[in-house]
Amino acid sequence: MTALLVLDELTVQRGEIPLCEAVSLHLSAGSICHLVGANGTGKTTLLMQLAGLLPVLTGEIVYQGAVGLPVQPLYVSHQLGIHPNLTVAQNLTFLLNLYGITPSTDDIDDALTWVGLQGFETISSSHLSAGQTRRITLARLYLLTPEVTPLWLLDEPFTALDVEMVASMEDRLRDFANAGGAILMTSHQSVGVANQVLDLTEYMV
């Protein structure tokens, strides 16, 4: 099976300082990989490199069979990207527009219901709690498919979520992988749906 993502002898570095060397990984359709490692090993840094936000000094990324990142994968980070002066619906619409999706009113309603924000469509995002704001960023996952974004890079997607929402998230991750997508994610919690693990501790300099 052709891998969606291949990391070949990749160096994870902060500035000019290498944190991990010779990191290798193959992610194929159906893969859900839990990225783990001690604090300071560069888990978020690696995800940012794979999202095209930080340079790769040595090693190679092959994404969808092409060297480099001709098409950026989906990246959900700690930097939420939510504008406080926009409504909940406006923020979600903007996040989906980035991937060429113009959601209908029903799409917005369904996605927000999935994350427990039904009825919040016209509320200013500045009035939300940290957990509610986090849910706006995750709501897009309800509408994204492997045909649009075949690889998801998720940095601590379970943060500030209750047990019920974590279970819903895991169901969505499983459905996405079963439909032909692949996921690389960090989490301080256990990830019951993961079928691969990449431990950066093994690659520390």
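Let me start with one contact: the side chains of D171 and R174 meet in a salt bridge, at 3.0 Å from N to O. Please keep in mind that this is a predicted model. D171 and R174 are three residues apart in helix 5, so about one helical turn separates them. As a reminder, an α-helix has 3.6 residues a turn, so residues three or four places apart point the same way. How covered are the two partners? D171 is partly exposed, at 41% relative accessibility, and R174 is also partly exposed, at 38%.

The structure holds two salt bridges. The other pair is R135 and D162, whose side chains meet at 3.3 Å, N to O. Here R135 sits in helix 4, while D162 belongs to the loop between strand 7 and helix 5, so this pair ties together parts that are 27 residues apart in sequence. Is R135 buried or exposed? With a relative accessibility of 14%, R135 counts as buried, because the cut-off is under 20%. D162 is partly exposed, with a relative accessible area of 39%.

Staying with helix 4, residues 130-139, we find that helix 2, residues 88-97, packs against it at an angle of about 35°, the axes being 9 Å apart. The crossing of these two helices is right-handed. Which residues make the contact? From helix 2 they are V88, N91, L92 and L95, and from helix 4 they are I136, T137 and A139. Sorted by class, that contact of helix 2 with helix 4 has five nonpolar residues, two polar ones and no charged ones.

Now the sheets. Strands of a sheet pair through backbone hydrogen bonds, either parallel or antiparallel. One open sheet here has five strands in the order 6-7-8-3-9, and its pairing is parallel. Strand 6, residues 74-76, and strand 9, residues 196-199, stand at the edges with a single partner strand each, so one side of each has no neighbour in the sheet. On average, and ignoring direction, neighbouring strands of this sheet are turned by 15° against each other. Inside that order, strand 3 (residues 32-36) pairs with strand 8 (residues 182-186) in the parallel sense over four bridges. One position to look up is I32, whose bridge partner in strand 8 is I183.

Helix 1, residues 43-50, lies across strands 3, 6, 7, 8 and 9, and runs at about 150° to strand 7. How many of the eight residues of helix 1 are buried? Six are, so to speak, out of view, and the helix is mostly covered. The buried ones are K43, T45, L46, L47, Q49 and L50. Just after helix 1 comes G52, which takes a positive phi of about 80°.

Last, the antiparallel part. Strand 1, residues 3-14, runs antiparallel to strand 2, residues 17-28, and eight bridges join them. Across that pairing, V6 stands opposite H26 of strand 2. The two strands form a hairpin with two residues between them, and G15 in the turn has a positive phi of about 65°. Strand 1 also pairs with strand 4, residues 60-63, in the antiparallel sense over four bridges. There, the bridge partner of L7 is I61 in strand 4. Is strand 1 mostly covered or mostly uncovered? Nine of its 12 residues are buried, and strand 1 is mostly covered.

Methods:
Residues numbered from 1 in each chain as written. Predicted model: local features only at pLDDT ≥ 70, side-chain atom pairs only at ≥ 80, totals over all residues. Heavy atoms only, no water. Pairing = 2+ DSSP bridges. Axes fitted to C-alpha atoms, helices over the stretch in contact; angles between N-to-C directions. Contact = heavy atoms within 4.5 Å. Buried < 20%, exposed > 50% of the residue type's maximum accessible area, 1.4 Å probe, protein only. Left-handed = near helix turned anticlockwise from the far one by under 90°. Nonpolar A, V, L, I, M, F, W, Y, C, P; charged D, E, K, R; others polar. Salt bridge = Lys/Arg side-chain N within 4 Å of Asp/Glu carboxyl O.
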